[in-house]
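Open your viewer and get comfortable with the selection tool. The stops below each begin with something to select, followed by what you will find there.

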Amino acid sequence: MIVVLLASTGSLLAQTSANGQPQTQEIAKATTAARDPVDLKLQEALRERDAIIRNLLERVNELEWRMNGGFTTPAKVVERPTLPAASTSRVINSVVSTSTYDSTERQATEALDQALIVRGGLLLPSGTLEVDNTTSYFSASSDHVTVNGFALLPVLVVGDIASERVREDYLLPNFTARLGLPHKLQADLTIPYGYELIRTVDANNVQTSSSSFGLGDISAGISRQLTSEHGKIPDMLASVRFKSTTGKDPYNLQSSQVALGTGFNAIQGNLTLAKSSDPVVFFGNLSYTANLKGDHTVSANDPSNPAATMVGHFNPGDAVGFQIGSILALNPDVSMTLGWDQRFTRSTTLNGVDIPASYLVEGTLRLGTSYVYAPGKTIDLSFGVGLTPDTPNLQFSVGVPFRMGLWGPKQKKLTVH
């Protein structure tokens, strides 16, 4: 009986073991099948995460490239280990786009950058074109008193006393194009054009006026960044400009219009320093302008022949100037500028003789602001007060620059295996 029972039990266990093996395999297959979709989704999420990380690395790399003015070669992105995929390799449509970068990271300092670019303290990134249309208004006045006689006492003058009031108004739009170049270079071209009105009132309250509208003296320049700020070393930029004589000069005796040009070519050199102390940037500029000699037809001042003319050899005086100031970033969109401009111009000589009152001392106190109203678009306002007799009393300008990219790092697609 016991033997029969043991035999039956063994047979049952063998049958159960034989039938359980396929069931276990089926359960394992079902479990694997149930886990496969989750694993696939997890692997896909990990691949997308890797693509996002590489996207961010590309943006950081591009930011460093732009801050260096396109001078350095973008570094290679470090390859991350990839996860094995059940299917073949696929391309994740994660494109390195600068649209988010331009509207967020770059906009954080765009107002401050624009104020520095206008004042020569910062260069545009390589491949960036900026077009600036600035309209300036200048108002100047002077009073002249002429005495034809002699003085008996310090307060008693015998003779004719004539007074003259002169008012000058200038409305000068300037078209300026700046282009960022490789190797930390920048080229710019300025085309001035506008309207000038001069009104003169004599002692008899008789007013005469003259005006002119046309093209001024076109100038072009090139700038290069010598050093980048690090530690106590400031940003240092050098530039050279050439001014032409395209504007109507004051020596054109056949025209009764006033002049919009100087009549002399000029070469100017500038050295600009900028040092940041968050949220303020201090800047300084030193300039030297060499006004080139020129010959012009002038009146011979012959009483017997008032129409007589002669060729005058002019040697216009060179000018030395400087600027100092600071720019405060109020927020990512607005910055304020406070500065002082000073320039000294030597006397001009005609045929070796100094022209009276041609030595000029100009000083202007300036206050400005820049506002970024859209990515790459700025409004720049500047207000100046002349504090020396040789400087216009009032200066006001409105600039509307905008930027566009001509070349630069190309967008890339990331491939994840």
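How many bridges pair strand S14 with S15, and in which sense do the two strands run? Select residues 349-350, which form S14, together with S15, and you will find two bridges in the antiparallel sense. For a single pair to look at, pick Thr 349, which stands opposite Asp 354 in S15.

**The whole model**

Zoom out before going further, and keep in mind that this is a predicted model. The protein has three helices and 19 strands. Of its 417 residues, 33% are buried. About 24,800 Å² is exposed, and carbon and sulfur atoms supply 62% of that area. Among contacts with a separation of 6 or more, 61% link residues 24 or more positions apart.

Now colour by pLDDT. The average for the protein is 75, and 70% of the residues score at least 70. Select residues 1-7: the pLDDT is below 50 here, and the stretch has zero contacts in the model beyond near neighbours in sequence. Next select residues 69-106, where pLDDT also stays under 50. For residues 69-106 the model has 71 contacts beyond four places in sequence. A word of caution fits here: where pLDDT is low, the predicted coordinates should not be read in detail.

**The open sheet**

Return to S14 and S15 and add their companions. Together they belong to an open sheet of four strands, in the order S10-S11-S14-S15, with antiparallel pairing. Strand S10 (294-299) and strand S15 (353-354) stand at the edges; each has a single partner strand, so one side of each is left without a neighbour in the sheet.

**From S7 to S9**

Select residues 235-243 for strand S7 and residues 266-277 for strand S8. Nine bridges pair S7 with S8 in the antiparallel sense. Leu 237 is a good place to look across, since Thr 272 in S8 stands opposite.

Add residues 280-291, strand S9. S8 and S9 run antiparallel and are joined by 12 bridges. The two strands form a hairpin, with two residues between them. To see one of the pairs, show Leu 271 and its bridge partner in S9, Leu 286.

**The core**

Which residues make up the largest nonpolar core? Show side chains for Ala 115, Leu 116, Ala 274, Val 281, Phe 283 and Ile 327, the six residues of this core. Helix H3 (110-118) and S9 each supply at least two of its residues.

Centre the view on Ala 274. Not counting residues up to four places away in sequence, Ala 274 touches Val 281 and Phe 283 from the core list, and also Gly 121, Glu 229, Pro 234, Asp 235 and Phe 282.

**S12, S13 and S16**

Move to residues 319-331 (strand S12) and residues 334-345 (strand S13). They pair in the antiparallel sense over 12 bridges, and a hairpin of two residues joins S12 to S13. Leu 328 has Met 336 as its bridge partner in S13.

Then bring in residues 360-374, strand S16. S13 and S16 pair in the antiparallel sense, over 12 bridges. Gly 339 and Arg 366 in S16 are bridge partners.

**Gln 225**

Is Gln 225 buried or exposed? Find this residue in strand S6, residues 219-227. Gln 225 is buried, because its relative accessible area is 14% and the cut-off for buried is under 20%. Its side chain reaches the backbone oxygen of Thr 227 at 3.2 Å. Leaving aside neighbours within four places in sequence, the contacts of Gln 225 are Leu 123, Lys 184, Asp 235, Met 236 and Leu 237.

**Tyr 170**

For the last stop, go to strand S3 (residues 156-181) and pick Tyr 170. With a relative accessibility of 17%, Tyr 170 counts as buried. Its side chain and that of Glu 196 are joined by a polar contact of 3.2 Å. Apart from neighbours within four places in sequence, Tyr 170 is in contact with Ser 136, Tyr 137, Phe 138, Tyr 195 and Glu 196. Finally, draw a C-alpha to C-alpha distance from Tyr 170 to Ser 211: the two are 41 residues apart in sequence and 9.6 Å apart in space.

Technical notes: Residues are numbered from 1 along each chain as its sequence is written. This is a predicted model: local features need pLDDT of at least 70, side-chain atom pairs count only at pLDDT 80 or more; totals for chains, interfaces and linings use all residues. Side-chain values use heavy atoms; hydrogens and water are left out. Two strands pair if DSSP finds at least two bridges between them. A nonpolar core is a set of buried Ala, Val, Leu, Ile, Met, Phe, Trp, Tyr and Cys residues joined through side-chain atoms within 4.5 Å. Buried means under 20% relative accessible area, exposed over 50%, partly exposed in between (1.4 Å probe, protein chains only). Contact means heavy atoms within 4.5 Å. Accessible areas come from the Shrake-Rupley method with a 1.4 Å probe; for residues, only the protein chains shown count as cover. A polar contact is a pair of N or O atoms within 3.5 Å; within protein, one must be able to donate a hydrogen and the other to accept it, and residues adjacent in sequence count only if both atoms are side-chain atoms. pLDDT is the predictor's confidence in each residue, from 0 to 100.
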